[in-house]
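Colleague: Got a minute to walk me through this model? I'd like the quick tour.

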Amino acid sequence: MTSSMPPKCQKLRPDGTYAGKQGFSYFEGIAREITGAQGICMHILRIPPGGRAKAHLHESHETAIYVMEGSAVMYWGAA
């Protein structure tokens with residue numbers, strides 16, 4: 001494979017779960033540990049109404065939020 005060729009495509013199935021540091025149970029998704037991703041980490045989770053993640057910082061990857069039902073608010077900036 002040359003440097004101009006994209007890396008292989010990976011199909012994910014959210015089979016495994018883990019307890020995250022932010023206080024929620026996550027289904028495994030896109031992460032360096034699972035797919036080798038270098039710039040993004042994205043998992044599936046259910047946040048109950050009124051739920052809120054603990055404050056945290058993503059120093060080495062981007063953040064993406066995709067809401068399937070309900071609404072979400074994301075806060076960022078200096079603590």
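Modeller: Sure. One cut-off before we start: a residue counts as buried when its relative accessible area is under 20%. Also, this is a predicted model.

Colleague: Okay. Take Ala-31 then, buried or exposed?

Modeller: Buried, because its relative accessible area is 2%, and the cut-off is under 20%.

Colleague: Where is Ala-31 in the chain?

Modeller: Ala-31 sits in the loop between β2 and α1.

Colleague: And how far is Ala-31 from Met-42 in space?

Modeller: The two are 6.6 Å apart, C-alpha to C-alpha. In sequence, 11 residues separate Ala-31 and Met-42.

Colleague: Back up a bit. What secondary structure does the chain have?

Modeller: One helix and three strands. The order along the sequence is β-β-α-β.

Colleague: What share of the chain counts as buried?

Modeller: 11% of the 79 residues.

Colleague: Pockets next. What volume does the largest pocket have?

Modeller: About 2,100 Å³. The lining has 49 residues, and those closest to the centre of the pocket are Tyr-26, Leu-45, Ile-47, Ala-53 and Ile-65.

Colleague: Which elements give two or more residues to that lining?

Modeller: β1 (17–19), β2 (25–30) and β3.

Colleague: How does the lining of the largest pocket split by class?

Modeller: There are 29 nonpolar residues, 13 polar and seven charged.

Colleague: And the second largest pocket, how much space is in there?

Modeller: About 220 Å³. Its lining has 14 residues, and Ala-31 is back: it is among the closest to the centre, along with Arg-32, Glu-33, Cys-41 and His-43.

Colleague: Which element gives the largest share of that lining?

Modeller: α1, with three residues. By class, the lining of the second largest pocket has six nonpolar, five polar and three charged residues.

Colleague: Let's switch to the surface. Which residues form a nonpolar patch there?

Modeller: Leu-12, Ile-30, Ile-34 and Ile-40. Together they have about 270 Å² of accessible area.

Colleague: Where is Ile-40 found?

Modeller: In the loop between α1 (32–35) and β3 (42–45).

Colleague: Why does Ile-40 count as partly exposed?

Modeller: Because its relative accessibility is 33%. Partly exposed runs between the buried cut-off, under 20%, and the exposed one, over 50%.

Colleague: Thanks, that covers my list.

Notes
Residues are numbered from 1 along each chain as its sequence is written. This is a predicted model: local features need pLDDT of at least 70, side-chain atom pairs count only at pLDDT 80 or more; totals for chains, interfaces and linings use all residues. Side-chain values use heavy atoms; hydrogens and water are left out. Patches are made of residues with over 30% relative accessible area and no salt bridge: like charges are joined within 9 Å, nonpolar side chains (Val, Leu, Ile, Met, Phe, Trp, Tyr) within 5 Å. Accessible areas come from the Shrake-Rupley method with a 1.4 Å probe; for residues, only the protein chains shown count as cover. A salt bridge is a side-chain nitrogen of Lys or Arg within 4 Å of a carboxyl oxygen of Asp or Glu. Helices (H or I, at least four residues) and strands (E, at least two) are DSSP runs, numbered from the N terminus. Buried means under 20% relative accessible area, exposed over 50%, partly exposed in between (1.4 Å probe, protein chains only). On a 1 Å grid over the protein atoms alone, a cavity is a set of points where a 1.4 Å probe fits but cannot get out, and a pocket is an open set with protein on both sides within 12 Å along at least five of seven lines; lining residues have an atom within 4 Å of a point. Grid points are joined across faces, edges and corners, and a volume is the space filled by probe spheres set on the points. Ala, Val, Leu, Ile, Met, Phe, Trp, Tyr, Cys and Pro count as nonpolar, Asp, Glu, Lys and Arg as charged, and the others, Gly among them, as polar.
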